[in-house]
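Let's take a walk through a protein and the small molecule it holds. Have a look at the picture first, then read on.

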Amino acid sequence: MSSGDDYIIFGSPSIGDEELQEVRATLESCWIGTGPRVKRFEEAFAEYVGAKYAVALNSCTACLHLAMVTAGLEPGDEVITTPMTFAATANAIIHAGGVPVFVDCDRRSMNIDVNQIEAAITPRTRAILPVHFAGRPCDMEAIGRIASRHGLMVIEDAAHCIEGAYHGRKIGTISPITCFSFYVTKNMTTSEGGMICTDDAELAEQVKVYGLHGLSGDAWRRFSDGGYRHYEVVFPGFKNNMTDLAAAIGLCQLPRLVPWLTRRGEIWSQYDEAFADLPCWRPAPPEPGTVHARHLYTLLLDCAAAGLSRDQFMAELHQRGIGTGVHYRALHLHKYYRERFGYKPEDFPNAAWISERTVSLPLSAKLTPEDVDRIVTTVQSVLSKSRRHAPSEPRGQGESI
Ligand SMILES: *Cc1c(COP(=O)(O)O)cnc(C)c1O
């Protein structure tokens, strides 16, 4: 089986009747561009996070890019980030004229290794861009300390971490700018979309202006029925505004974040229990005092012990009707980053090690108990059947990963 009705698609979104009705109502209203629903969605999201301002854009990539642009990078300015992330994180730095400087991730948390950040700081460093990998909040206390010691900005890539919290503070209220994603596979979706959260009124306004051609702030009132207004171009901006069609979906998804997180937590526990004795490493438990947003359940395969590669494992699951994902092949292994910066795999050994072994299992809240059982028994049978040797990678490494 490789397709058909009972194929479990990786990262399939939950879309219900409410979304259908709200999208229909939006179409019928003829306010399908940026309008009242975007405004309502921004207000509801700001309230959910506890941030003063939320600006909705058409992707998290646009949020990251505008965050970098508003940071005022000069050509050659450096931004520290992790190679264990999606391309958009580092691409955004480059598009704003900066240079991404990678710091290896920790094997266990898969987040940026805060102990290696200071060694990467140079006189050109302007900002740190941590990524809350898989929904696990980074060590924001350590990152904040380093940033203030060196006068650096912190901009968070919270694409995985809408529900996350760190020491009693929601992700989105800690740093000057936090970027969220509503891409199809994320914890909630608007089909395509993103949100910047900030407590800084001026910054929020700047993001709006830069995201709409650089038209003066008043331009947003074009999206109301207050009559025609002239605008001024104050910056050569971009076209990043969210549409009301997208916001209509987001408004329906937002109230479900909490029950969905609970459901993903249950699936997570079931996976943890079921895979305890298999030749793989399960995700580390959440750090004390944090809320893990449980975006990705990633197994690290002990390929030698299992007697199969990660790609073979994925192919076996695919044949049995289960879609999986890879998060990620580290950025320093990709052509552009290799060639432009001369990176070698061993420059970031933890990220390279994870890249070869990591596989993400379906974790959508809409999985039925039967789906989850099927995933569990399939993974168990593929991994235990394929086990041929005693582990050659010392299991003791479990302590160091
Ligand atoms: C999905 C993702 C992005 C990009 O989000 P889009 O909304 O698709 O632009 C950025 N960073 C990370 C870590 C992501 O997973």
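How far is an oxygen atom of the ligand from an N or O atom in the side chain of Ser 181? The distance comes to 2.7 Å. Keep in mind that this is a predicted model, so every distance here is computed from it.

Ser 181 has company. The ligand has 17 residues around it, and those that come nearest are Thr 61, Asp 157, His 160, Ser 181 and Lys 186. For three of these, here is how a polar side-chain atom lines up with the ligand:

| Residue | Ligand atom | Distance |
|---|---|---|
| Asp 157 | nitrogen | 2.8 Å |
| His 160 | oxygen | 2.7 Å |
| Ser 181 | oxygen | 2.7 Å |

How much of the ligand does the protein bury? On its own, the ligand would expose 370 Å², and the protein buries 94% of that. As for where to look, the ligand sits in the largest pocket.

Now for who builds the shell around the ligand. Two elements each give two or more residues to this shell: helix 3 (60–70) and helix 4 (87–95). Helix 3 gives the most, with three residues. If you sort the shell residues by character, you get eight nonpolar, seven polar and two charged ones.

Let's zoom out to the protein chain. Its secondary structure comes to 14 helices and 13 strands. The chain is as compact as a globular protein of its length, because its radius of gyration is 22 Å, close to the 21 Å that the globule rule gives for 401 residues. If you follow the C-alpha trace along its principal axes, it spans about 75 × 55 × 40 Å.

Two spots in the backbone are worth finding on the picture. One is the peptide bond from His 327 to Tyr 328, which is cis, with omega near 0°. You'll find Tyr 328 in the loop between helix 10 (310–319) and helix 11 (335–341). The other spot is Met 110, which has a positive phi of about 65° although it is not a glycine. To locate Met 110, go to the loop that runs between strand 3 (99–102) and strand 4 (125–129).

Methods
Residues are numbered from 1 along each chain as its sequence is written. This is a predicted model: local features need pLDDT of at least 70, side-chain atom pairs count only at pLDDT 80 or more; totals for chains, interfaces and linings use all residues. Side-chain values use heavy atoms; hydrogens and water are left out. A residue is near a molecule or strand if one of its heavy atoms lies within 4 Å of it. A polar contact is a pair of N or O atoms within 3.5 Å; within protein, one must be able to donate a hydrogen and the other to accept it, and residues adjacent in sequence count only if both atoms are side-chain atoms. Accessible areas come from the Shrake-Rupley method with a 1.4 Å probe; for residues, only the protein chains shown count as cover. On a 1 Å grid over the protein atoms alone, a cavity is a set of points where a 1.4 Å probe fits but cannot get out, and a pocket is an open set with protein on both sides within 12 Å along at least five of seven lines; lining residues have an atom within 4 Å of a point. A molecule sits in a cavity or pocket if more than half of its atoms lie within 2 Å of its grid points. Helices (H or I, at least four residues) and strands (E, at least two) are DSSP runs, numbered from the N terminus. Ala, Val, Leu, Ile, Met, Phe, Trp, Tyr, Cys and Pro count as nonpolar, Asp, Glu, Lys and Arg as charged, and the others, Gly among them, as polar. The radius of gyration is taken over C-alpha atoms; the globule rule is 2.2 Å times the number of residues to the power 0.38.
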